[in-house]
Amino acid sequence: SRHHASVVLRHGKIAILDQSSNGTFVQLQNGQNLLLRREELMLAGRVLVGLGAPPEASGDELLVIEVER
């Protein structure tokens, strides 16, 4: 999709919001994998984000987001 997801600052915290039909895959720092579908997730530490596919299968579409406090 043209606008797959957004990363926003909300109440002093960083969140990722899925706005796609295929979902946004997020791998947390502890290795846990989440699938967001029209949802948002507050981020902490280092996460891997796959747009429409899990991070390990995302190739050039892989995002790395690191939130420091």
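How many bridges pair β1 and β2, and in which sense? Six, in the antiparallel sense, as the first of these close-ups shows.

This is a predicted model, in which local features need pLDDT of at least 70, side-chain atom pairs count only at pLDDT 80 or more, and totals for chains, interfaces and linings use all residues. Residues are numbered from 1 along each chain as its sequence is written, and side-chain values use heavy atoms, with hydrogens and water left out.

**View A. The β1-β2 hairpin turns through His11.** Strands here are DSSP runs of E, at least two residues long, numbered from the N terminus; two of them pair if DSSP finds at least two bridges between them. In this hairpin, two residues lie between β1 and β2. Across the pair, Val7 faces Ile16 of β2. His11 sits in the loop that links β1 (5-10) to β2 (13-18), and its phi is near 55°, a positive value in a residue other than glycine. Most residues other than glycine have a negative phi. His11 counts as exposed because its relative accessibility is 79% (buried is under 20% relative accessible area, exposed over 50%, partly exposed in between, with a 1.4 Å probe and protein chains only).

**View B. Four strands line up as an open antiparallel sheet.** Follow the order β4-β3-β6-β7 across the sheet. At its edges are β4 (33-36) and β7 (62-67), each pairing on one side only. From one strand to the next, the twist averages 25° (axes are lines fitted to C-alpha atoms, and angles run from 0 to 180 degrees between N-to-C directions). Look next at β3 (residues 24-27), which joins β4 over four antiparallel bridges; here Thr24 has Leu36 of β4 as its bridge partner.

**View C. Arg38 has a positive phi in the loop after β4.** This loop leads from β4 to β5 (40-42). The phi of Arg38 is near 55°, and Arg38 counts as exposed because its relative accessibility is 59%.

**View D. Nine residues build the largest nonpolar core.** A core of this kind is a set of buried Ala, Val, Leu, Ile, Met, Phe, Trp, Tyr and Cys residues joined through side-chain atoms within 4.5 Å. Its members are Ile16, Val26, Leu36, Leu41, Leu43, Val47, Val49, Ile65 and Val67. At least two of them come from β6 (45-51), and at least two from β7. Leaving aside neighbours within four places in sequence, Leu43 is in contact (heavy atoms within 4.5 Å) with Ile14, Ala15, Ile16, Ile65 and Val67.
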